[in-house]
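Me: Hi! I have a structure open and would like to talk through how it is put together. Could you help me read it?

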Amino acid sequence: NAIQTLYNDPYQVGNKPIMIAAAGNIKPYEGPYSVYGDSWVFPARYDEVISVSASDIEDVKASYSCFGSHVEITAPGGTGYLNPQNQESAIISTSPMDTQFFYYNDEGNLWPSGYAFTSGTSMTAPHVSGVVALILSYYQHNNITISNEEVKQRLLGTADDIYGDNLIYTNELGAGRLNAYRALTEEPHPSVQVSDFKINNQ
């Protein structure tokens, strides 16, 4: 596939690209990209891609978010699902003017704006991409060399542990919830991911 071809491009040797994708949304929240729980959602399921699940305003796995051992990190995705009135706990994003999404002004009136308050794992991947951009910008500004793999380790190694509030999803929400401040200011804890293993008969 195109993603694996890009990742394995010989010109990328030594500095593989950072690829990020939403883990996907769970049914019964019907939508064109809704699936079931721990499903095979692509491109997030590719080993080369950082798969991002969603947390709500309480740092609990969002009700709509996919999860699983393939998830590498969690990020804010908003509470609820596709509810433009749920502004306090939703994520504001750009939106085509001709869609179902509208912005509620201070008087509570709907008007198309090109922005929308919404929720979903589609909101999570941009958060992670933005923090990756912040890390790269910070290092470039300070004339410090950092590889893409080191960026990934910093991203995952500084995530906040949210498993205390998500016990039934232990090891299925990745390294934890994205923390932009820690990613820029702290040395990351080592992040270990098993890519392959073999069991020998004793």
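**The core and what surrounds it**

Reply: Happy to. The largest nonpolar core has 16 residues, and those with the most contacts inside it are Val52, Ile73, Val128, Val131, Ile135, Leu155 and Leu178. Keep in mind that this is a predicted model.

Me: Which strands and helices each supply at least two residues of this core?

Reply: There are four to look at: strand E4 (49-55), strand E5 (73-76), helix H2 (124-141) and helix H3 (148-157). The largest share, five residues, comes from H2.

Me: What does Ile135 touch?

Reply: Leaving out residues up to four places away in sequence, Ile135 touches Ile146, Val151, Arg154, Ala183 and Leu184. There is also another core that lies apart from the largest one. This other core has nine residues, including Ala23, Cys66, Phe67 and Ile162.

Me: Let's go to E4. How many of its seven residues are buried?

Reply: Seven of the seven, so E4 is largely enclosed by the rest of the structure. Both of its faces are covered: Val49, Ser51, Ser53 and Ser55 are buried on one side, and Ile50, Val52 and Ala54 are buried on the other.

Me: And which strands does E4 pair with?

Reply: Strand E1 (residues 19-22) pairs with E4 in the parallel sense over four bridges, with Ala21 opposite Ser51. E4 and E5 also run parallel and are joined by four bridges. Here Ser53 has Thr74 of E5 as its bridge partner.

Me: I was wondering about Ser65. Where is it found, and is it buried or exposed?

Reply: Ser65 is found in the loop between E4 and E5. With a relative accessible area of 0%, Ser65 is buried, because the cut-off for that is under 20%.

Me: What does the side chain of Ser65 have for polar company?

Reply: A polar atom of the Ser65 side chain lies 2.8 Å from the backbone nitrogen of Ala54. Not counting residues up to four places away in sequence, Ser65 touches Gly24, Ile26, Ser53, Ala54 and Thr121.

Me: Back to the helices. Why is H3 described as largely enclosed?

Reply: Because seven of its 10 residues are buried. In H3 these are Asn148, Val151, Lys152, Arg154, Leu155, Leu156 and Gly157. What covers them includes E4, E5, H2 and helix H4 (180-185).

Me: Changing topic: how many aromatic pairs turn up in the whole structure?

Reply: Two. One of them is Tyr138 with Tyr139, an edge-to-face pair at 5.6 Å centre to centre, with 80° between the planes. Tyr138 is partly exposed at 39% relative accessibility, whereas Tyr139 is buried at 13%.

Me: What lies over the face of Tyr169?

Reply: That would be Lys61, at 5.0 Å from the ring centre.

Me: Last one, on the backbone. Which residues other than glycine have a positive phi?

Reply: Two to check are Asp59, with phi near 65°, and Asn171, with phi of about 65°. As background, most residues other than glycine have a negative phi. Asp59 lies in the loop between E4 and E5 and is partly exposed at 21% relative accessibility. Asn171 lies in the loop between H3 and H4 and is exposed, with a relative accessible area of 60%.

Technical notes: Residues numbered from 1 in each chain as written. Predicted model: local features only at pLDDT ≥ 70, side-chain atom pairs only at ≥ 80, totals over all residues. Heavy atoms only, no water. Core = buried A, V, L, I, M, F, W, Y, C linked by side-chain atoms within 4.5 Å. Buried < 20%, exposed > 50% of the residue type's maximum accessible area, 1.4 Å probe, protein only. Contact = heavy atoms within 4.5 Å. Polar contact = N/O pair within 3.5 Å; in protein donor to acceptor, adjacent residues only side chain to side chain. Phe/Tyr/Trp six-rings, centres within 6.5 Å; stacked < 30°, edge-to-face > 60°. Lys NZ or Arg CZ within 6 Å of the ring centre and 35° of its normal. Pairing = 2+ DSSP bridges.
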